[in-house]
Amino acid sequence: MNSNVTKYQQAFDLGKSYFSSCEQIAYADVLAIYRAAEAAKGARYFWRNPDQTMTIAAFHWLVAYQKPSLTAFDTTQKELQTKHYQPETDACQALLLGGFAFDESRAAQAEWAQLGSGLFVLPEIMIKQEGSQTWVVYTVKASNETQRRTQVAALQAQVMQWIEHSQQVEATAPFAVVTGQVEVAVPEWLQAVEDTVHAIKDPSIDLTKVVLARQMRLTTMEEINSATVLTHLSQQQPNTYLFAMEQEATFFIGATPERLLKGTVDHFETVSIAGSAPRGQTEAEDQALADELLQDPKNTHEHQVVVDRLANALSTLIEDGFYSEKRSVIKNRDIQHLFVPLKGRRKTDVSFLSAVQKLHPTPALGGEPKAAAVQWIKAHEPNSRGMYGGPIGWLGIQQDIGEFAVAIRSGVVTQNSATLYAGCGIVADSQAVAEEQETRLKFQPMRRGIIGDV
């Protein structure tokens with residue numbers, strides 16, 4: 001008898017409910033498989049890190065955790081661990097995939113449907129590519145070994161069909177035709193910026209920085225497809241976290257440059273990104289804008305607020321101090337930012353999700369002080385954020401590891417309507433009109449991913 005079969009039988013005897021197995025397949029185009037998996041539309045997930053060393057595509061939700069609370073989800077994670085079994089827990093281990101709302105205490109707007117308060121899923125099928133290796137992880141709910149093997153065989157057949165179809169699907173896809181575009185509540189947002197600057201300058205109010213977000217709404221002639229937008233974003237924004245999460249007719253999608261936290265067994269890694277400048281039309285102009293950004297008092301102050309808070313938060317999570325690099329500039333197609341990575345050896349008694357809770361929201365998405373800034377956002381930002389600005393990524397089940405990006409440069413889509421989000425950091429010398437222009441620039445990655453250069 002196969003040793004894994006014996007282990008599965010022992011797991012059944014112990015009362016386990018969810019069973020994962022994996023197989024290695026030939027190196028594949030994971031995004032092409034996502035495009036080919038139209039039959040799973042409404043229950044698909046995609047994730048790729050900026051250096052493209054890890055890509056995940058997942059399909060069909062075996063378990064869906066609606067409205068996950070960042071403060072309590074580690075309990076949910078541990079409960080699942082007691083019910084879950086997988087013999088292999090290294091490169092091909094099953095994962096929980098999804099994200100949290102930016103502010104779980106604030107109701108999301110109608111366009112978010114079931115995604116506004118966050119969602120985590122345990123998928124039946126997860127394709128995971130790391131480096132040159134591609135794995136497929138199958139997870140089923142079964143009461144005996146025969147049932148488990150039958151279900152896994154059906155999932156394997158489905159994946160093989162998608163892989164075959166993916167080799168026939170064109171990588172190019174047409175852009176949607178825009179029929180309407182409006183920037184939402186601009187006068188109210190400009191007034192919120194003015195009020196925030198006034199508050200920051202008021203010595204009786206304990207605020208140093210507040211990030212204010214706003215929205216752009218697009219309507220298109222045809223239905224917007226997440227696979228098509230992912231294909232465009234992959235081509236246009238290659239050095240970003242690329243993500244999409246579908247739940248029935250709605251999906252949340254984006255291309256963000258910002259890591260919130262990566263947790264390995266031994267280390268925590270994060271980055272400080274803040275301050276913005278446009279890209280130049282020539283290499284010389286681009287470098288001049290980068291040099292100016294590195295010297296600009298307003299942007300360097302805004303960035304230093306983020307660095308200081310992250311450094312302070314990390315000091316409670318890691319052993320023996322953290323490693324950081326000299327401030328530099330990270331460049332994306334439309335915009336460049338000030339950038340500093342930070343890394344340290346994690347304390348053995350600090351869970352990954354407790355560390356995420358400590359960091360979220362960073363001053364790059366919330367402000368400083370953290371609690372006061374979040375309350376100010378709730379009171380003064382014209383619209384709620386849903387999952388915009390929240391942590392999105394993956395969690396281990398059998399190991400306390402994971403990685404979350406900050407869900408910016410993103411939007412929520414239902415059929416032929418998209419709501420895009422963009423925000424900027426407000427400090428004492430911010431100018432409302434300049435901040436409006438900055439957010440308009442930050443709408444561009446998602447806008448272009450949907451409708452192209454219109």
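1. A good place to start in this predicted model is the hairpin formed by β10 and β11, which has 2 residues between the strands. In the turn, Glu248 has a positive phi of about 55°. The two strands, β10 (residues 241–247) and β11 (residues 250–256), pair in the antiparallel sense over 7 bridges. Along this pairing, Met245 stands opposite Phe252 in β11.

2. β10 has another neighbour too: strand β2 (residues 44–48) runs antiparallel to β10 and is joined to it by 4 bridges. Here Trp47 stands opposite Phe243 in β10.

3. Do look at both sides of β10. Tyr241, Phe243, Met245 and Gln247 point one way, while Leu242, Ala244 and Glu246 point the other way, and all are buried. The strand is mostly covered, with 7 of its 7 residues buried.

4. Next, turn to helix α5 (residues 186–201), whose 16 residues reach 23 Å from first C-alpha to last, close to the 22 Å expected. Its buried residues include Trp189, Val193, Val197 and Ile200. Seen down the axis, the buried residues of α5 fall within an arc of 165°, so they line one face of the helix. Pro187, His198 and Lys201, on the other side, are exposed. Among the elements covering the buried residues are β8, β9 and α11.

5. Finally, visit Leu293 in helix α7 (residues 283–295). Leu293 counts as buried because its relative accessibility is 2%. Ser276 is 17 residues away from Leu293 in sequence, yet their C-alpha atoms are 7.2 Å apart in space. Leu293 touches Ser276, and its other contacts include Asn299, Val329 and Leu338.

Conventions. Residues are numbered from 1 along each chain as its sequence is written. This is a predicted model: local features need pLDDT of at least 70, side-chain atom pairs count only at pLDDT 80 or more; totals for chains, interfaces and linings use all residues. Side-chain values use heavy atoms; hydrogens and water are left out. Buried means under 20% relative accessible area, exposed over 50%, partly exposed in between (1.4 Å probe, protein chains only). Contact means heavy atoms within 4.5 Å. The expected span of a helix is 1.5 Å times one less than its number of residues. The arc is that of the directions from the helix axis to the C-beta atoms. Two strands pair if DSSP finds at least two bridges between them. Lists of a residue's contacts leave out its neighbours within four places in sequence.
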